[in-house]
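Colleague: I'm new to this one. Can you walk me through it?
Modeller: Sure, here it is.

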Amino acid sequence: MSPRLVTALVLACAALALSGCGFRPLYAQPGVTPGLADILVAAPRGRAGYLVGEALNDALATGGGASAWRLDLDLSEQRFPRGLRVDNVATRYEYVLTAAYTLRDVATLTPAKVGNVRVELTYDSADQPYASVAAQQDAQERAALEAARRIQLELAAWFADQAGS
């Protein structure tokens, strides 16, 4: 048998197995994608708030019109020195971004879902001041994207549960 034929047979068997197991992608659930697009993101002021808010707007594909849901965010940032040199200067930092969120119904302002995500990452700190600031800002951007991704997944799972019940 040729390798192409074997590959085609394996893919066909995998497709048949998946179709019979009842697997259904998260975004195939009715109400998930429209629910996510119907969220108004209320991010706090500051660079981290802006970054998380923009990442969430992109991830949720919000329409910008009248929304049925409001997502309130509360962010906290911490930075811990790691990797100390002999002269007690940190060469590496740990950056922790914690995002607490509350999804509210716009009509009643009652909380529908409350959650919390925590993103931890490290970055190198160079001896040059500009390089150190650039590394810190890069870590903040990466943490904001990861926090937005985790919030999006939690909200998608919540909307899928709501549509299934």
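Modeller: First a term: accessible areas come from the Shrake-Rupley method with a 1.4 Å probe, and for residues only the protein chains shown count as cover. This is a predicted model, where local features need pLDDT of at least 70, side-chain atom pairs count only at pLDDT 80 or more, and totals for chains, interfaces and linings use all residues. Residues are numbered from 1 along each chain as its sequence is written, and side-chain values use heavy atoms, with hydrogens and water left out.

Colleague: Okay. What area does the protein expose, and what do carbon and sulfur atoms supply?
Modeller: About 10,000 Å² is exposed, and carbon and sulfur atoms supply 57% of it.

Colleague: How many helices and strands?
Modeller: The protein has 4 helices and 4 strands. Both are DSSP runs numbered from the N terminus: helices are H or I with at least four residues, strands are E with at least two. Along the sequence the pattern reads α-α-β-α-β-β-β-α.

Colleague: What order do the strands of the sheet take?
Modeller: E1-E2-E3-E4, in an open sheet with mixed pairing. Two strands pair if DSSP finds at least two bridges between them. E1 and E4 stand at the edges with a single partner strand each, so one side of each has no neighbour in the sheet.

Colleague: How many bridges join E2 to E3?
Modeller: 15, and the two strands run antiparallel. One bridge pairs tryptophan 69 with aspartate 105 in E3.

Colleague: Which strands does H3 touch?
Modeller: H3 packs on the sheet against E1, E2 and E3, and its direction makes about 125° with that of E2. Axes are lines fitted to C-alpha atoms, for helices over the stretch in contact, and angles run from 0 to 180 degrees between N-to-C directions.

Colleague: New topic. How many residues are in the largest nonpolar core?
Modeller: It has 35 residues. Such a core is a set of buried Ala, Val, Leu, Ile, Met, Phe, Trp, Tyr and Cys residues joined through side-chain atoms within 4.5 Å. Buried means under 20% relative accessible area (1.4 Å probe, protein chains only). H4 gives the most to this core, with 11 residues.

Colleague: What does leucine 155 touch?
Modeller: Leu36, Ile39, Leu71, Tyr101, Leu103 and Lys113, not counting residues up to four places away in sequence. Contact means heavy atoms within 4.5 Å. Leu155 is among the residues with the most contacts inside the core.

Colleague: And where is leucine 109?
Modeller: In the loop between strand E3 (90-105) and strand E4 (111-124). Its phi is near 60°, a positive value in a residue other than glycine.

Technical notes: Buried means under 20% relative accessible area, exposed over 50%, partly exposed in between (1.4 Å probe, protein chains only).
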